[in-house]
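Here is a short tour of some pockets and one residue. Have the structure open beside you as you read.

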Amino acid sequence: IKEICEKQNSQLTICKSEEISVVKEDICGDTICYDGLKFTLPIPGKVQKYNALTAIKAIEKCGFEISNENIKNGIENARFPARLQLFSKSPKILLDGAHNPDGVKSLVSYLQKYFDKPIGIIGMMKDKDIDSVLSQIAPEFSKIYTVTVDNPRAISAIELKEKAEKYCCDVEASDSLKTTINMLKNSKEDFVICGSLYLCSEGLKEL
């Protein structure tokens, strides 16, 4: 990036982590402080404060006049569906479309902080790094239901179950996402829908 900026004679701005700080952490998102301005970021996850900082810096560097009120309103109204999206607090129902090791690492960190071994509903695409994802996320669940996502690229619930069993001792292949969601909603247990944005899209419709 530095080399290309030099070639193109483009200004490079590197956001520094110390420019933004977390004042309070919460299951629904963190309260953060930037340049004396305090606001609530409604998208959980440690990386989101840096995404917010990058967005603010981009606007500033482009020369737009942006007030503190603009910044506060913009950040506090930001939405990122299926990215640590807490659909319900009681029971806790979470949707996360992370399908790569970095995204899953963030999900695992969140689950360890705010959940106590919830039930997982997992569906994935065949072309993703399935074993790497499962090795991180599967141990965080007390039980896993695998589902076949409604997409031609999806791995079947049966195949995914076989892979997940290496990392979780209680795994069941489900016939239907709808059936599984309804069963868990009636049980009042905490559960997480994850592994694919396509699956989360289906999950949101059912919920």
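Lining the largest pocket of this predicted model are Cys28, Pro42, Ile43, Pro44, Ala78, Arg79, Phe80, Pro81, Arg83, Leu84, Gln85 and Leu86. By residue class, this lining holds nine nonpolar residues, one polar and two charged.

The second largest pocket has a lining made of Glu25, Asp26, Asp30, Pro44, Gly45, Lys46, Ser106, Ser109, Tyr110, Lys113 and Tyr114. Helix H4, spanning residues 101–114, is the top contributor here, supplying five residues. Pro44 appears in both linings. The table sets the two pockets side by side.

| Pocket | Volume | Lining residues by class |
|---|---|---|
| Largest | about 220 Å³ | nine nonpolar, one polar, two charged |
| Second largest | about 190 Å³ | three nonpolar, three polar, five charged |

Now let us turn to a single residue. Where is Thr146 found? Thr146 belongs to strand S7, which covers residues 143–146. Is Thr146 buried or exposed? With a relative accessible area of 1%, Thr146 counts as buried, because the cut-off for buried is under 20%.

Leaving aside residues up to four places away in sequence, Thr146 is in contact with Ile122, Ala157, Leu160, Lys161, Val171, Glu172, Ala173 and Ser174. Ala157, one of these partners, also offers its backbone oxygen, which the Thr146 side chain reaches at 2.8 Å. Farther along the chain, Ile193 lies 47 residues from Thr146, and the C-alpha atoms of the two are 10.0 Å apart.

Technical notes. Residues numbered from 1 in each chain as written. Predicted model: local features only at pLDDT ≥ 70, side-chain atom pairs only at ≥ 80, totals over all residues. Heavy atoms only, no water. Helix = DSSP H or I, 4+ residues; strand = E, 2+ residues; numbered from the N terminus. Buried < 20%, exposed > 50% of the residue type's maximum accessible area, 1.4 Å probe, protein only. Contact = heavy atoms within 4.5 Å. Polar contact = N/O pair within 3.5 Å; in protein donor to acceptor, adjacent residues only side chain to side chain. 1 Å grid on protein atoms, 1.4 Å probe; cavity = no way out; pocket = protein on both sides within 12 Å on 5 of 7 lines; lining within 4 Å. Points joined across faces, edges and corners; volume = space filled by probe spheres on them. Nonpolar A, V, L, I, M, F, W, Y, C, P; charged D, E, K, R; others polar.
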